Structures are given as structure tokens and as C-alpha cells.
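Welcome to a short guided tour. Open your viewer, keep the selection tool handy, and follow the stops in order.

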Amino acid sequence: MSTHSTLLFVLAAVAVIVAVRWVAGRTGLPAAALLPLIGIAYALLPGPNIGLDPDLVLMVVLPPLLYSAALDSSLLDIRRNLRIVVSLSVVLVLLTGLVVGVGFHLFVAGATLAAGVAVGAAVAPPDPVAALAVGRRVNLPPKMVTIIQGEGLLNDATALTMLSVAVAAAVGGQFSFHAAVGQFVLAAAGGVAVGAAVAWAKRLARPLTADPLLSNAISLATPFVAYLLGEELGVSGVLAVVVAGLIVGHQTPQFGSGAARLQTNAVWRLVDFLLEGFVFLLIGQQLPEVVRGLRHYDTSTILTAVAVSVGVVLLLRPTWLVLTQSLPRSLHTRLGGVSEQDDTGDTGEPGSARQVARADRNDRRLTSREVVALSWSGTRGVISLAAIFTLPLTTDDGSPFPDRDLLLFCTFMVVLVTLVGQGMTFAPLVRMLGLRANAADQARVRNEARSAAVEAALARLDEVAADEPDSVVAVNTIRTQLLARLARYRGRLDLLQQSGSAEMPTSPEYETALRVRRTTIDAQREELVRWRDSGRLPDEELRVLERELDHEELLLPKRRG
């Protein structure tokens with residue numbers, strides 16, 4: 001494909017991604033499910049098509065997507081839900097790979113156990129992009145979002161390590177259980193160490209990050225550094241990226257500047273939007289290649305292999321979730337659940353009643369409705385396809401890799417069934433189950449934190465006034481502003497506490513204040529544009545003043561609370 005054709009193809013893909021995002025926003029359908037269907041439709045048309053390069057996906061696409069997701073995740077929340085996250089991202093992935101492998105060996109004619117485990121490892125890790133996009137739109141409870149997000153961050157490393165072991169066995173014909181376990185432990189432990197080292201190095205580069213442009217450049221390079229370093233050292237590069245992202249995201253509020261955070265968040269949102277869109281289009285375009293190699297298989301073999309792959313993926317996940325919820329509660333705490341005794345302050349005193357209540361919600365078992373929702377959130381994506389496309393063409397003795405074309409088709413069908421089928425129906429299922437975040441409780445937490453932050457600022461002002469007598473006028477001005485803000489937050493808290501409902505209470509005064517503030521910002525912006533159009537204000541100065549208004553507007557809540 002020529003450079004001109006490639007550019008046209010990329011521009012057309014961007015146009016499709018934008019259009020699908022617009023349609024998804026107005027219909028409620030997930031873009032992650034619509035894009036593969038469009039990719040399939042395009043693949044069936046005559047003309048050039050783009051094949052999936054697994055190295056490109058694993059080295060260029062996967063690191064930034066995982067890193068961005070890790071930056072947005074909560075290290076503390078993942079720790080609180082570590083039991084369920086580990087059981088889904090490690091144990092269930094391993095179990096899925098083994099069960100699919102055994103199923104292939106028993107029911108698919110001529111299939112080997114190693115080849116079956118290879119396809120099982122490829123289809124085992126869910127890609128949570130579609131589920132999270134839908135879950136946030138329907139206001140899924142934060143604990144559910146944390147579990148889905150945490151699972152998606154960690155399961156790729158488990159699956160890719162398992163795949164490498166299975167491929168080695170299929171290619172060389174030898175398998176050692178102890179060697180496989182040792183390889184897995186080494187890859188995981190090494191990946192964690194590399195990720196922590198990269199996060200530490202990024203922290204040392206903090207003086208450079210005062211400039212937002214330098215901060216963005218370093219942020220964009222970090223996932224690739226972590227991945228390449230991990231792979232060069234023979235450990236899990238995927239896990240290194242995730243660990244680095246989790247640590248950096250946890251430390252950013254302490255060590256990053258406000259301007260750098262605003263710009264970095266915007267850059268990563270754009271990167272996610274474009275990469276995810278291209279990835280889901282790319283999935284659909286692989287249909288001709290995965291179908292082309294099936295002419296050597298009879299229909300019964302194909303149907304059996306697909307039934308084993310899809311059946312295990314769909315049935316094993318809910319079964320596992322039900323079984324793990326019956327484990328003893330003591331095991332839950334040992335694996336990282338937070339008990340009420342753990343929720344204490346630095347002084348060792350018990351936490352507040354509200355803190356204990358929140359800790360208890362994190363520690364409790366999943367309800368039947370949550371189990372159903374999590375069972376249906378296991379959509380597979382491009383990682384599964386990229387993983388299965390890494391299968392070699394031949395074994396060590398020169399013979400073709402066993403059933404490679406059949407394994408490609410089974411993986412594609414699992415991705416298509418889960419991504420489109422589960423992706424399209426996840427939102428209606430969540431609504432039917434009545435799983436919604438407690439909006440009033442979330443607003444209470446935010447306003448409690450806002451009030452505490454303002455009180456800390458007022459205390460610091462008293463210290464400044466005592467140390468710098470000349471600053472009394474400035475201190476009094478700022479104190480008046482902070483007191484007005486504190487009164488607004490406390491009034492909001494009183495309204496929330498009086499409502500006693502999980503829904504956000506309506507406050508006409510609050511809504512009126514927001515509307516008036518937005519109106520005044522719009523009036524200022526319109527006047528600045530008039531000054532620019534009349535020649536009294538240069539464009540460069542307009543951008544400076546407009547940026548100030550944009551930041552002020554950004555501070556206004558998009559929803560009540």
C-alpha cells in the first residue's frame with residue numbers, strides 16, 4: 001500500500017471512529033461492539049485490507065492502553081478488592097486456558113493438548129474496554145468498576161506467559177510443569193520489579209515535569225520503556241507497564257504540577273480514543289484471513305472447536321465467580337480484603353462510621369446481581385487476536401504448527417461473540433439488575449473532602465498571617481473566599497444528609513448558581529472575541545485569557561455534587 005493510500009485509509013478510519021462515537025453517544029450502543037462489525041463489513045468489500053501484525057499490537061498498541069488504564073485506576077481500591085481481582089486475572093485465566101486445552105484434546109479430532117492450551121491462553125484474558133465504557137455510562141458501582149479494571153490490567157500478563165509456555169511445548173514437544181511454574185513466577189516477579197523501578201526513575205525525573213510539554217513527553221515514553229525493559233530482561237513487559245502505571249498514578253497528585261496533569265490527562269484521553277478505535281476496526285478486518293485457512297477442516301470439527309472455545313469462556317466465568325464467593329472470609333482478608341479493623345488512621349484510632357461502612361462494602365461478598373453482571377463483563381478483544389497470531393507457522397522439526405488456522409478461527413469467534421454479543425447486551429443487563437452507584441454517597445464523600453481541604457487551607461492561612469504580618473490584607477481576602485466556599489460545601493452536605501436517599505437531591509439554588517456562573521463565563525468569552533474581531537486584542541492574548549476562562553469553566557461540576 002502506497003503512502004498516499006495509507007494516509008487516505010487512516011483518515012477514513014478516523015472518520016469512521018468519530019462517526020461511531022457520535023452514534024454510540026446518542027444510541028447507548030457501545031462503540032467497541034459497533035466498530036468490529038464495521039470492520040467485518042469493510043473486509044468483505046473488494047479493495048485493500050490491513051492485516052494484524054501481532055508484534056505491532058503487543059509492542060506499540062498494548063503498552064499505552066494498559067498504562068493509561070493503570071493511571072486511571074486506584075492502587076488502594078485494587079488492594080481492597082485484591083481477592084476477587086487475583087482470582088479473575090490470574091487463577092481464572094490459568095483455569096480457562098487449561099479447560100479449553102483439555103476440551104480440545106478430548107473433543108476436537110487430532111488436536112493436541114498444547115495447541116488447545118495455546119488457544120485457551122489466547123481467549124482467557126477479557127478486554128474490559130467495552131464493559132467499562134458501558135459500565136461508566138450506566139453508573140455502575142465503583143467496586144464493580146474497580147474489579148473489571150483491575151482484572152483487565154493484570155490478566156494479559158498471565159495469559160501471555162501461559163501462551164509462551166504452551167507454544168514452547170507444542171513446538172518442541174516437551175513440557176515440564178515445574179519449569180512452567182518457575183517461568184511464570186519469574187516473569188511475574190520480574191515484571192513487578194521492573195515496573196517499580198521505572199516508576200521510581202520517573203519520580204527522579206520530577207524536576208523536568210514542571211514543564212507540561214516535557215511531562216507529556218516523559219509520560220508517553222514511560223509505557224514503552226517499561227515494556228521494552230521487561231522484555232529485554234526476560235520478564236513480563238506487560239506487568240511492568242501495569243505496575244509502573246499504578247504507582248505513577250498513585251503518586252501523581254503528590255509530585256505532578258496542575259498544568260502538567262491537565263495536559264497529560266487530555267493527551268491520554270486522545271491516545272485511548274484513537275488507539276481503541278483503530279484496534280476494534282482492526283479486529284473485524286481479520287475475518288478473511290482467519291476464514292481462508294478453514295478449507296482443510298470438515299464442518300463438524302470446526303463447530304466442535306468453536307463450541308468448546310466459546311462454551312468454556314461463557315460458562316466457566318460465572319461458575320468460577322459463584323465458587324469463589326463461597327470461600328472462607330478469612331481467606332478474603334489474607335488475600336487483600338480490607339476488614340473494619342484495618343480502616344484506621346495513622347494514630348491507630350478506629351475510623352469514622354462512614355469509613356467503616358465503606359470498608360465493609362469493599363470487603364463483603366459479591367451479591368448475586370453483581371456476580372451476574374461480572375459474569376457478563378468478560379468481553380475479549382484485540383489482545384486475544386494478537387496473542388494467537390504470534391503462533392509460529394512450524395514446529396522445531398519443520399512440520400506445520402498443529403491446527404493453527406483452526407485456532408485462529410476459534411479465537412476470532414470468541415472475540416466476536418463476546419465483544420458484540422456481551423458488549424451490546426451489557427447495559428440492558430445492568431439496568432435490569434438495578435446495579436447503580438450510590439450517587440448521594442459519592443457526592444457526600446466529595447463534599448466532605450472539599451470541606452476538609454478548605455479547612456486545611458484556612459489553618460495554613462493562620463500560620464501565614466502569624467509568620468508574615470505584612471500579608472494580612474491578602475490573607476483576609478483569601479480567607480473570605482475560602483469561607484464562602486466552605487459554606488457552600490457544608491450547605492451541600494446538609495442537603496445530602498437530610499435527603500437520606502441514594503439519588504442526588506435537587507437543589508434549585510445550587511442549579512441556579514451553576515447556570516449563572518456558566519452564563520457569566522460565556523459573556524466574558526463573547527466579549528473577548530468581540531475585542532479580537534475589532535482589532536483591540538491580539539489572538540495571542542485572546543488565547544491566554546480564553547485559557548483562564550476554560551480552566552474556570554472546567555472547575556464547574558458537569559453533574560450535581
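How far apart should the ends of helix α8 (residues 142-172) be at 1.5 Å a residue, and how far apart are its end C-alpha atoms? Select residues 142-172 to find out; bear in mind that this is a predicted model. The 31 residues of α8 should span 45 Å, and the end C-alpha atoms lie 46 Å apart, so the two values agree.

Stay with this helix and center the view on L154. Here α8 bends by about 30°. Now bring back the surroundings: α8 is mostly covered, with 27 of its 31 residues buried.

**Zoom out to the whole chain**

Switch to a cartoon view. You will see 23 helices and zero strands in the protein chain. Of its 561 residues, 45% count as buried. Next, show a surface: the chain exposes about 27800 Å², and carbon and sulfur atoms supply 63% of that area. If you like contact maps, look at the pairs with a separation of 6 or more: residues 24 or more positions apart account for 82% of those contacts.

**The aromatic pairs**

A search of the whole structure turns up two aromatic pairs. For one of them, select F9 and Y42 and show their side chains. Their rings meet edge-to-face, 5.7 Å from centre to centre and with 65° between the planes. F9 belongs to helix α1 (residues 3-27) and Y42 to helix α2 (residues 31-43), so this pair ties together parts that are 33 residues apart in sequence. Color by accessibility and compare the partners: F9 counts as buried because its relative accessible area, 16%, is under the 20% cut-off. Y42, at 28%, is partly exposed.

For the other pair, move to Y67 and W268. This pair is tilted, with 5.6 Å between the ring centres and 55° between the planes. Which helices does the pair connect? Y67 sits in helix α3 (residues 54-72) and W268 in helix α12 (residues 258-284), so the pair ties together parts that are 201 residues apart in sequence. Hide the surface to see these side chains: Y67 is buried, with a relative accessible area of 0%, and W268 is buried too, at 5%.

**Last stop: a charge over a ring**

Finally, select W531 and R536 and show both side chains. What sits over the ring of W531? The charged end of R536 does, 4.3 Å from the ring centre. Turn the view until you look straight down on the W531 ring to see this arrangement.

Key:
Residues numbered from 1 in each chain as written. Predicted model: local features only at pLDDT ≥ 70, side-chain atom pairs only at ≥ 80, totals over all residues. Heavy atoms only, no water. Phe/Tyr/Trp six-rings, centres within 6.5 Å; stacked < 30°, edge-to-face > 60°. Helix = DSSP H or I, 4+ residues; strand = E, 2+ residues; numbered from the N terminus. Buried < 20%, exposed > 50% of the residue type's maximum accessible area, 1.4 Å probe, protein only. Lys NZ or Arg CZ within 6 Å of the ring centre and 35° of its normal. Expected span 1.5 Å × (residues − 1). Bend = angle between axes of the 7 residues up to and from the residue. Contact = heavy atoms within 4.5 Å. Areas by Shrake-Rupley, 256 points an atom, 1.4 Å probe, with all protein chains shown as cover.
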